[in-house]
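Trainee: I'd like to go through this one with you piece by piece. Can you put it up on the screen?

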Number of protein chains: 2
Amino acid sequence: MTNEQLKLENQLCFRLYSAARLTMGAYHPYLDPLGITYPQYLVLLVLWEQDKQPVCDIGKRLMLDTNTMTPLLQRMEKAGLITRTRGKEDTRQRIVSLTKQGKALYEQAQTIPESMTKAVMASEEELKQILQMIPLLDKLIEELKKLVESQKSKEINKY
Amino acid sequence: MTNEQLKLENQLCFRLYSAARLTMGAYHPYLDPLGITYPQYLVLLVLWEQDKQPVCDIGKRLMLDTNTMTPLLQRMEKAGLITRTRGKEDTRQRIVSLTKQGKALYEQAQTIPESMTKAVMASEEELKQILQMIPLLDKLIEELKKLVESQKSKEINKY
DNA sequence: TAATTTTGCATCGTGAACGATATAAATCCC
DNA sequence: GGGATTTATATCGTTCACGATGCAAAATTA
């Protein structure tokens with residue numbers, strides 16, 4: 001009678017959704033002192049790897065469109081973490097650069113990944129198990145990217 | 001010199017965050033025709049399993065607080081999917097019940113899980129791999145719940 | 001039973017996500 | 001070269017998430 005697949009317990013997506021929210025919540029004690037949010041932390045991770053990138057490049061790394069990136073970056077600019085200057089060759093672009101303050105946060109962030117790992121994992125064994133997820137998640141993300149892309153082109157082809 | 005752990009590629013959380021967003025995006029073609037969003041779909045999953053639940057019980061299942069649930073349910077009520085009545089024994093409670101329309105969506109949702117599975121998975125083999133994530137995610141979620149809970153009590157004990 | 005604490009819900013404000021739409025600059029193509 | 005298309009960014013509106021706060025009802029405890 002009842003469709004087993006339509007139960008919350010059997011949904012992979014609900015687990016991803018919950019795990020993502022809980023993880024972001026777990027970052028709070030580490031990010032609050034730096035005065036940044038988790039998405040802002042992600043932007044900083046990208047900029048710490050390579051400074052002075054146009055908005056679209058950061059967006060591609062984070063898989064976020066400009067309608068999310070622009071307001072996010074505007075808030076970060078207002079907070080004094082970055083500057084947004086016009087591109088030289090391509091004047092449409094906005095080059096995002098770290099300020100002194102944005103660079104300084106890199107030092108303070110050094111211990112975050114290790115602290116998070118230690119906080120979540122009860123044991124070495126458990127850590128090993130959890131890390132098994134990474135290649136599986138990468139596979140899933142790859143498939144989902146293809147799927148969402150194909151869904152979009154289908155949508156367009158309606159007309 | 002550079003901290004490898006502070007690179008986007010080495011972040012489990014970023015993968016969870018991305019996978020969750022992409023999955024929700026992949027649901028769009030299936031949920032748009034029903035006129036509901038993904039979080040609303042989750043609420044319906046809970047109510048289809050058991051109708052007439054107080055807000056807090058639904059929130060516990062979805063791990064969402066009332067500050068998220070109340071507006072979400074208000075929108076669903078306005079859309080004619082549910083009703084929110086006062087509890088009889090406990091008058092503080094709001095009992096959430098499916099309307100005829102809300103129940104009717106159950107039939108339309110029957111094929112969603114299978115469609116999603118087929119859409120994402122290239123092969124049986126791949127599906128099997130991805131499903132290996134479920135127990136790992138459950139483990140992680142359990143750990144994160146404990147962690148976030150302990151972080152909260154620490155916060156309180158400051159005073 | 002009175003005082004205290006907890007619980008269930010609501011409201012407000014802020015920061016994301018994201019669809020839809022707009023605009024100007026760059027690129028393509030005939 | 002000039003018109004069409006694509007690209008980079010921005011803005012708007014709606015829905016979520018969630019911290020903070022408020023309030024009344026229920027439960028606990030003194």
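What follows is a chat about the DNA strands, the pockets, the sheets and the domains of this predicted model.

Trainee: Let's start with DNA strand D. Which residues come nearest to DNA strand D?

Mentor: There are 25 residues around DNA strand D. Sorted by class, these residues divide into six nonpolar, eleven polar and eight charged. The ones that come nearest are A:C56, A:R92, B:T37, B:N67 and B:R75.

Trainee: And which elements supply at least two residues each to the surface near DNA strand D?

Mentor: Both protein chains take part here. From chain B you get α2 (38-49) and α4 (66-78). From chain A the elements are α1, α3 (55-62) and α4.

Trainee: Of the atoms of DNA strand D within 4 Å of the protein, what share belongs to sugar or phosphate?

Mentor: Start with single contacts. B:Q40 has a side-chain N or O atom 3.0 Å from a phosphate oxygen of DNA strand D, and B:T91 has a polar side-chain atom 3.0 Å from a sugar or linking oxygen. Count the strand's atoms within 4 Å of the protein, leave the rest to bases, and the sugar or phosphate share is 69%.

Trainee: Which residue has a polar backbone atom 2.6 Å from a phosphate oxygen of DNA strand D?

Mentor: B:Q40 is out, since its contact with a phosphate oxygen is through the side chain. The residue you want is listed among those that come nearest to DNA strand D. With a polar backbone atom 2.6 Å from a phosphate oxygen, the residue is A:C56.

Trainee: Now over to DNA strand C. How many residues of the surface near DNA strand C are charged?

Mentor: DNA strand C has 26 residues around it, with A:T37, A:Q40, A:N67, B:R21 and B:R92 coming nearest. Sugar and phosphate make up 69% of the atoms of DNA strand C that come within 4 Å of the protein. By class, the surface has seven nonpolar and eleven polar residues, and the number of charged ones is eight.

Trainee: Which residue has a side-chain N or O atom 2.4 Å from a base oxygen of DNA strand C?

Mentor: Two contacts go to phosphate oxygens instead: B:R21 reaches one with a side-chain N or O atom at 2.6 Å, and B:Q74 has a polar side-chain atom 3.1 Å from one. Neither of those contacts is with a base oxygen. The 2.4 Å contact with a base oxygen belongs to B:R92.

Trainee: Pockets next. Which element gives the largest share of the lining of the largest pocket?

Mentor: The largest pocket holds about 870 Å³ of space. Two elements give two or more residues to its lining: α1 (12-31) of chain A and α8 (133-157) of chain B. Among the 24 lining residues, A:G25, B:V148, B:E149, B:Q151 and B:K152 lie nearest the centre. The largest share, nine residues, comes from α8(B).

Trainee: What about the second largest pocket: which residues are the closest to its centre?

Mentor: That pocket has about 650 Å³ of space, and its lining counts seven nonpolar, five polar and seven charged residues. At least two lining residues each come from α4 (66-78) and α8 (133-157) of chain A and from α1 (12-31) of chain B. Of the 19 residues in the lining, the closest to the centre are A:V148, A:K152, B:R21, B:L22 and B:G25.

Trainee: In the sheet of chain B, which strands stand at the edges?

Mentor: Three strands form an open, antiparallel sheet in the order β1-β3-β2. An edge strand has a single partner, so one side of it is left without a neighbour in the sheet. β1 is joined to β3 (residues 94-98) by two bridges, and B:P54 has B:I95 as its bridge partner. The edge strands are β1 (53-54) and β2 (82-86).

Trainee: Last one: how many Å separate the centres of the two domains of chain A?

Mentor: The domain assignment gives domain 1 as 14-109 and domain 2 as 121-159. Taken over C-alpha atoms, their centres are separated by 22 Å.

Technical notes:
Residues numbered from 1 in each chain as written. Chains lettered and ligands numbered in written order. Predicted model: local features only at pLDDT ≥ 70, side-chain atom pairs only at ≥ 80, totals over all residues. Heavy atoms only, no water. 1 Å grid on protein atoms, 1.4 Å probe; cavity = no way out; pocket = protein on both sides within 12 Å on 5 of 7 lines; lining within 4 Å. Points joined across faces, edges and corners; volume = space filled by probe spheres on them. Helix = DSSP H or I, 4+ residues; strand = E, 2+ residues; numbered from the N terminus. Nonpolar A, V, L, I, M, F, W, Y, C, P; charged D, E, K, R; others polar. Near = heavy atom within 4 Å. Polar contact = N/O pair within 3.5 Å; in protein donor to acceptor, adjacent residues only side chain to side chain. Domains from an automatic or database assignment. Pairing = 2+ DSSP bridges.
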